[in-house]
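Trainee: Please take a close look at one part of this structure for me, and then set that part in the context of the rest.

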Amino acid sequence: MHFLKKLKPLCNNNSLDKIKSLFGLKHFSLSPSLPLSLLIALFLKGYESERKMVTSDGGGGGKLKKVLGLGYWVQGFRCFPWLVVSFYLKDGLKVDPSTLQILQNSANLPMVGKPLYGLVSDSVYISGQHRVPYIAFGAFLQALSWIIIAICPSNMSIFTISIYLLLSNLGASIAEVANDAIVAEMAKQSPSSTKHPQPSSSGNLQSFVWIACSAGGVLGNLLAGIFIGRFHPQTMFLYFGLLLALQFFITISVPETSLGLPKTPSVGIRNQLSQLLVALRKPEIAYSISWFTASYAIIPALTGTMFFYQTQHLNINSSVLGISKVFGQATMLLWGIIYNKYFKSIPPRKLISSIQVTMAFFMVSDFLFVRGFYRQMGVPDSLYVVIFSGFLEVLFLFKILPFSVLIAQMCPPGCEGSIMAFLMSSVALAFIVSGYLGVALASYVKITGSDFSGFPLALLIQAACTLVPTFWSSCIPDKVESKAKRKDS
């Protein structure tokens, strides 16, 4: 209640007018209802915190904000076209739940190649730069793929659109690797070692990019929910492609030397691979990444099934799903703020295990939702979808923030890009495996596009699988050894 009182001044028509003016929504009617006003308040609060966090630096911090803030914001905004893709595959190409989930997870295959992109980024310099050119190249590939999808005939085949989605995710993964490497490098650089202190101490930079990504997700889902019934899907793909083109031109205009990155000697890919293997042999890194990856892979994802259940069985409107995703992204944004203020001092093992248990709790809540428990209590299906489903969808990602801070602290100098890329590649592969397990589970309990009788059982199995990794959470260290101790060892 104290938090709501603090947000109350923001929940008014002025906030709505500010959002509509800022993002060109003057002609749309946004009701100042409590849920939407709270979401806007969260967005404004997160944006203000993000700006304050980076504008306290000198010139180098400003350039860092431009590259990382824009890069992670666009990364979060990628939900704008992907929400449209889900409806396009379901309504336009008439795919079933299992096919939808297989296509969505298979499109993430380029993410598995992140260690290779990280090795190349760490060791291959382009005009004396090894981060910014890769961010720009990734934005170019994404812009190219989405613009081609936008101008292609609307009756394109599943195979054709899959190829372009793979190309888009290839560009996204290359850009993410370079962005993550910058974050890892700056997180290891003490403020006293630079002329312009960066917002990186004690996980501040990780929180900043998390907030930027979440803010992009909030806006992307909000606009997708508003525009999905007003514009043709290919028009929305074109808008996103033009945004990526803008990111490309902005990124190439920033010299990497102005970011204040630590100087690291250029080494060959073979030497870089050797350093990566040495780092992965460290027990604290190997065990932590193994646990983190398994904690995702062991959970059978039922996102495609839930999407069909909500839209086909319950006839939930697309705008409600958009607002649900906005709510989820807003909680991610808020999580970045709360973590940086209150939770970063909590031992990583305790915090990450608590998130894992919370995930299982909300999956049991989904079981009650499908069985009609909340409906019998008078809770509308749309309200549950907006709040609980939206929150559970992003709760899977809450662990990434504290874990990335932990890995950045353990990461040896010189291979930050490779380690972070390997971590995110492992997570991407885990999500793909999770998606395929979900398809197998849905087939086992005989879920189809019109028969969801086995869905409650599948949700209980999913919740049980989520709890399993907590029994070996000791793989995650409670704290990281000091740099002096690591040098001695």
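**The lining of one cavity**

Mentor: Sorted by class, the residues lining the second largest cavity are 3 nonpolar, 5 polar and 2 charged (Ala, Val, Leu, Ile, Met, Phe, Trp, Tyr, Cys and Pro count as nonpolar, Asp, Glu, Lys and Arg as charged, and the others, Gly among them, as polar). Please keep in mind that this is a predicted model, in which local features need pLDDT of at least 70 and side-chain atom pairs count only at pLDDT 80 or more, while totals for chains, interfaces and linings use all residues. Residues are numbered from 1 along each chain as its sequence is written, and side-chain values use heavy atoms, with hydrogens and water left out.

A cavity here is a set of points, on a 1 Å grid over the protein atoms alone, where a 1.4 Å probe fits but cannot get out, and its lining residues have an atom within 4 Å of a point. The structure has 4 cavities of 30 Å³ or more, and the second largest has a volume of about 60 Å³, volume being the space filled by probe spheres set on the points, which are joined across faces, edges and corners. Its lining consists of Gly71, Val74, Gln75, Arg78, Gln142, Ala172, Ala175, Glu176, Asn179 and Gln247. Two or more of these residues come from each of α4 (59-77) and α9 (158-187), and α9 gives the largest share, 4 residues.

Those helices belong to a protein with 22 helices and 0 strands (DSSP runs numbered from the N terminus, H or I of at least four residues for helices and E of at least two for strands). Of its 489 residues, 55% count as buried, that is, under 20% relative accessible area with a 1.4 Å probe and protein chains only. Helix α7 (residues 114-123) is largely enclosed by the rest of the structure, because 8 of its 10 residues are buried, including Tyr117 and Leu119.

The largest nonpolar core (buried Ala, Val, Leu, Ile, Met, Phe, Trp, Tyr and Cys residues joined through side-chain atoms within 4.5 Å) has 60 residues, of which Phe80, Trp146, Leu165, Tyr309, Phe369 and Phe455 touch the most other members. Helix α5 (residues 79-92) supplies the largest share of this core, 8 residues. Leaving aside neighbours within four places in sequence, Phe369 is in contact (heavy atoms within 4.5 Å) with residues including Tyr309, Leu314 and Tyr384.

Definitions and conventions. Buried < 20%, exposed > 50% of the residue type's maximum accessible area, 1.4 Å probe, protein only. 1 Å grid on protein atoms, 1.4 Å probe; cavity = no way out; pocket = protein on both sides within 12 Å on 5 of 7 lines; lining within 4 Å.
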